[in-house]
Amino acid sequence: MPDMSAIVNPQQRQFNPYAENGGTILAIAGADFTVIAGDTRQSEGYSIQTRYAPKVFRLTDRAVLAVNGFAADGNMFVKKVKQRLEWYRHAHAKDMPLRAIARLIQTMLYAQRFFPYYVYNILGGIEEDGTGAVYSFDPVGSYERETCRAAGAAQSLVQPFLDNQIYFKNQTAAQGSPHPAHLPLPDVLSIVIDSFTSATERHIEVGDGLEMYIVLARGRTLPDAVAGLRPQELPSAGGEKVFVLKRDLKKD
Amino acid sequence: MDHFPTNWGRPKYDNFDTSATYPLHNRGQNQSTTSGATQHTQQPIVTGTSVLAIKFKDGIMIAADTLASYGSLARFKGVQRLHPVGDYTVVGASGDMSDFQYLQHILDGLVISEETTAQDGHTLGPAEIHEYLSQVMYARRSKMNPLWNSLLVGGVKDGQRFLAYVDLLGVTYSASTLATGYGAYIAQPLLRKAVEGRENTLTEPEARAILENALRVLFYRDARSINQYQIATITANGAEISASLKLETSWGFAEGIRGYGAQTQ
Amino acid sequence: MFRNTYDSDNTVFSPQGRLHQVEYALEAVKQGSAAVGLRSKTHAILLALKRSSGELASYQQKMFRIDDHVGIAIAGLTSDARVLSNFMRQQAMGSKMVFNRPVPVNRLVSAIADKAQVNTQEYGRRPYGVGFLVVGLDHTGPHLYEFSPSGTSFEYFAVSIGARSQSAKTYLEKHFESFADCDLEDLIRHGLHALRETLQQDKELTINNTAIGIVGPAGVHEGTGTSVDFRILEGPPIEVYLQTMQLKEVPPPTAPTPAAASASASAPAAPPPAAGDEDVQMSE
């Protein structure tokens with residue numbers, strides 16, 4: 001029998017205010033650092049719009065936000081978050097703490113519950129107690145603090161890998177040497193880089209460039225293995241330090 | 001406006017959220033969208049096709065043909081789709097031409113209020129014009145009343161070249177070669193091959209030749225294009241938009257194709 | 001018998017062509033503690049004297065950050081200043097949102113001047129009781145503006161507002177030609193010298209009662225991480241600048257007549273003649 005639904009419920013062609021612009025983001029928290037990363041490709045369908053459109057943004061000296069989904073919503077959302085943080089600075093003469101930024105983002109997303117920002121947010125940085133933290137959000141504001149999270153086009157490729165490598169899922173610890181709760185920074189960076197090279201191999205919307213933001217807790221310095229990669233340090237006033245590490249990904 | 005995200009349809013990407021964990025795209029019953037007294041643009045009417053733009057050694061070059069189509073009818077054959085804004089910027093438009101004319105009006109008003117009236121040396125460069133246009137386009141899409149265009153904004157100010165895209169959704173991006181519409185599929189690969197890595201060495205004649213070649217290919221392949229075009233060149237010396245030019249094309253090969261042209265057998 | 005003083009309503013001119021309410025607003029500015037601003041080729045700076053209502057009270061806030069590239073010092077009603085500085089911050093953010101550009105400083109000052117002018121013309125309003133010095137950095141270099149509640153704004157090489165600001169102006173007028181080529185440290189020293197002129201006789205500048213606002217490259221006493229952005233220095237960080245101040249040249253007798261000069265010299269306990277600055281003294 002032919003599909004009669006189109007006749008029973010005539011469908012009108014309507015303007016679709018959303019697009020899906022590909023790409024993937026990822027963040028992993030360590031004991032006293034956080035890495036927040038994203039690829040730099042922006043696409044629509046099979047077309048690469050640009051090979052360099054950043055998806056990861058520094059908000060304060062200790063908070064970095066990665067935004068993935070509909071690029072226009074993402075850019076506008078980041079802009080609005082930054083302005084809210086500027087008002088907070090005016091009022092309190094200090095940066096908003098990470099957990100407060102997380103709640104702010106949930107409120108701002110939920111305010112658009114019936115016309116959502118079509119974006120998946122991952123917020124990473126250092127909490128006031130000096131620990132590394134990752135908060136992940138859905139488009140309408142549901143959020144939780146986690147140790148690691150991948151989102152975007154290749155979420156389904158990367159998250160299981162992280163579950164295995166960060167949470168040690170399906171791995172049995174050797175007798176007397178339990179799995180560590182947090183990995184050191186060089187290990188985390190290797191996992192991030194491997195995640196993105198793998199996602200680039202298997203997902204057409206991932207590639208071109210990789211930007212990794214590293215936020216270090218007060219008083220911590222980069223391990224030699226990471227300093228050797230020559231990350232660029234961003235100016236900051238507080239004790240926390242923010243570095244950016246850029247890498248090429250395959251462009252095909 | 002239809003406030004229910006469930007009525008907006010799925011993104012193009014079929015594999016997105018296959019297990020439907022997020023209910024945004026499950027279409028519900030169709031809701032009437034014509035209940036209000038106001039009507040919003042639901043489709044473009046008189047349209048311009050691709051706009052192309054590249055970076056070169058001394059600045060930015062933007063090209064567009066001069067056709068405004070009414071569906072498949074070549075309705076207006078001498079329409080300028082490149083619009084100068086201030087002294088440093090040119091905006092090229094594809095999509096709905098009446099929406100573009102409205103944007104020209106807005107931009108002209110902006111230049112009057114920001115530059116002619118203020119006269120304080122704080123002029124708008126291409127980056128500012130692009131940001132402004134992005135805000136206008138995004139605001140209109142957010143009212144579900146889009147301006148149905150894809151725009152390229154290019155220019156040079158304070159020794160800096162700038163080239164970026166913005167469309168009816170408010171989506172923006174920047175690259176050394178850009179193309180809208182059909183050009184994104186047909187011209188963009190040609191432009192990237194010719195320009196990427198040579199942005200700082202390409203001369204003005206070379207850049208012009210690259211764009212003319214891409215326009216020619218588009219004229220051969222895009223049924224909504226025409227063999228008349230204009231090129232805007234923006235350098236440190238300012239913006240210059242050429243007169244309407246004719247594309248050199250050759251159709252000799254058609255002689256050998258049976259069933260084409262005058263032959264009947 | 002009723003006599004119209006032409007001062008109960010700011011929309012009514014006096015027969016002499018004056019708007020008394022506006023002039024009273026300018027008096028409110030004069031009652032605030034002094035603020036000094038000056039500019040070199042690279043920097044624009046603000047210095048202000050903070051008052052405290054008593055031993056147990058904190059010092060008032062005299063400076064506000066508007067944006068990365070703009071800051072203000074105020075004299076007059078702090079609450080009015082907060083309203084206006086909030087408006088300036090909105091303008092600055094609006095410019096970032098719409099054009100992704102720092103708002104040009106002159107337009108920011110014009111915007112508040114226009115706002116203040118409305119209050120001098122519309123019925124049922126009152127003028128703002130506060131004056132601003134605005135410093136900012138844009139692509140045309142460092143700038144210094146004065147804004148006053150009468151709705152005017154002017155750009156300056158150096159200027160001062162607030163109580164006894166005329167004394168600071170006298171200092172600035174004497175030295176301003178050298179400011180253009182000053183480095184930050186010398187500029188601040190000149191600023192402190194000018195600000196010192198506004199003090200009452202028994203007072204001096206301390207780290208508690210002085211605030212310094214700067215736009216421009218970091219000075220030698222600032223941290224290496226300091227950018228060109230507007231920053232406010234208060235408390236211990238300004239000690240190093242106070243140290244550079246030179247002793248005030250012993251004021252030669254400057255009284256109007258030799259007779260009065262000798263009188264004051266022989267009677268140092270006489271009340272300072274400028275004490276009246278602290279009160280409203282509207283002459284009519």
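The following exchange examines selected features of chains A and C in a predicted model.

Biologist: How many helices and strands does chain C have, and what share of its residues is buried?

Modeller: DSSP assignment gives chain C 7 helices and 10 strands. Of the 284 residues in chain C, the buried portion is 46%.

Biologist: Among contacts in chain C between residues at least 6 apart in sequence, what percentage joins residues at least 24 apart?

Modeller: The count is restricted to contacts in chain C between residues at least 6 apart in sequence. Within that set, the portion joining residues at least 24 apart is 64%.

Biologist: In what order do the strands of the open sheet in chain C lie, and which are the edge strands?

Modeller: The sheet has 5 strands with antiparallel pairing, in the order β8-β1-β2-β9-β10 of chain C. An edge strand pairs on one side only, and this applies to two strands of the sheet: β8 (158-161) and β10 (231-234) of chain C.

Biologist: By how many degrees are neighbouring strands of this sheet turned against each other on average?

Modeller: With direction ignored, the average turn between neighbouring strands of this sheet in chain C is 15 degrees.

Biologist: Which helix packs on that sheet, and what angle does its direction make with that of β8(C)?

Modeller: The helix touches β1 and β8 of chain C. It is α4 (residues 165-175) of chain C, and its direction makes with that of β8(C) an angle of about 170 degrees.

Biologist: How many bridges join β1(C) to β2 and to β8(C)?

Modeller: Strand β1 (residues 35-39) of chain C pairs in the antiparallel sense with β2 (residues 44-49), and a hairpin of 4 residues connects these two strands. β1(C) also runs antiparallel to β8(C). The bridges number 5 for β2(C) and 4 for β8(C).

Biologist: Which residues stand opposite Val36(C)?

Modeller: Val36(C) has a partner in each of two strands, β8(C) and β2(C). In β2(C), Gly37(C) stands opposite Leu46(C). For Val36(C), the opposite residues are Ser160(C) in β8(C) and Leu47(C) in β2(C).

Biologist: Which residues of β1(C) lie on each of its two faces, and are they buried or exposed?

Modeller: In a regular strand, side chains alternate between the two faces of the sheet. In β1(C), Ala35(C), Gly37(C) and Arg39(C) occupy one side, while Val36(C) and Leu38(C) occupy the other. Both faces are covered, and of the 5 residues in β1(C), 5 are buried.

Biologist: Which side chain of opposite charge is nearest to Glu146(C), and how far away is it?

Modeller: Glu146(C) lies in strand β6 (residues 141-148) of chain C and is buried. A salt bridge requires a nitrogen-to-oxygen separation within 4 Å. Glu146(C) has no salt bridge, and the nearest side chain of opposite charge is Lys169(C), at 5.9 Å.

Biologist: Which side chain joins that of Glu146(C) in a polar contact?

Modeller: Beyond its neighbours within four places in sequence, Glu146(C) is in contact with several residues, including Phe132(C), Leu133(C), Val159(C), Ile161(C) and Tyr156(C). A polar contact of 3.1 Å links the side chain of Glu146(C) to that of Tyr156(C).

Biologist: Turning to chain A, what is the strand order of its open sheet, and what is the average twist?

Modeller: The 5 strands pair in the antiparallel sense, in the order β5-β6-β7-β8-β9 of chain A. Its edge strands are β5 (56-60) and β9 (143-146) of chain A. From one strand to the next, the twist averages 25 degrees.

Biologist: Which residue is the bridge partner of Val67(A) in β7(A)?

Modeller: Strands β6 (residues 63-69) and β7 (residues 119-126) of chain A are antiparallel and share 7 bridges. In β7(A), the partner of Val67(A) is Asn121(A).

Biologist: What angles do helices α2 and α3 of chain A make with β5(A) and β7(A), respectively?

Modeller: Helix α2 (residues 71-92) of chain A packs on the sheet and touches β5, β6 and β7. Helix α3 (residues 98-110) of chain A lies across β5, β6, β7, β8 and β9. The angles are about 10 degrees for α2 with β5(A) and about 170 degrees for α3 with β7(A).

Biologist: Asp208(A) has a positive phi although it is not a glycine; is Asp208(A) buried or exposed?

Modeller: The phi of Asp208(A) is about 75 degrees. Asp208(A) lies in the loop between α5 (185-202) and β11 (209-216) of chain A. Its relative accessible area is 1%, so Asp208(A) is classed as buried.

Biologist: Arg230(A) also has a positive phi; is Arg230(A) buried or exposed?

Modeller: Arg230(A), which is not a glycine, has a phi of about 55 degrees. Arg230(A) lies in the loop between α6 (224-227) and β12 (232-234) of chain A. Its relative accessible area is 73%, so Arg230(A) is classed as exposed.

Definitions and conventions
Residues are numbered from 1 along each chain as its sequence is written. Chains are lettered from A and ligands numbered from 1 in the order in which they are written. This is a predicted model: local features need pLDDT of at least 70, side-chain atom pairs count only at pLDDT 80 or more; totals for chains, interfaces and linings use all residues. Side-chain values use heavy atoms; hydrogens and water are left out. Buried means under 20% relative accessible area, exposed over 50%, partly exposed in between (1.4 Å probe, protein chains only). Lys and Arg count as positive and Asp and Glu as negative; His and the chain ends are not counted. A polar contact is a pair of N or O atoms within 3.5 Å; within protein, one must be able to donate a hydrogen and the other to accept it, and residues adjacent in sequence count only if both atoms are side-chain atoms. Contact means heavy atoms within 4.5 Å. Two strands pair if DSSP finds at least two bridges between them. Axes are lines fitted to C-alpha atoms, for helices over the stretch in contact, and angles run from 0 to 180 degrees between N-to-C directions.
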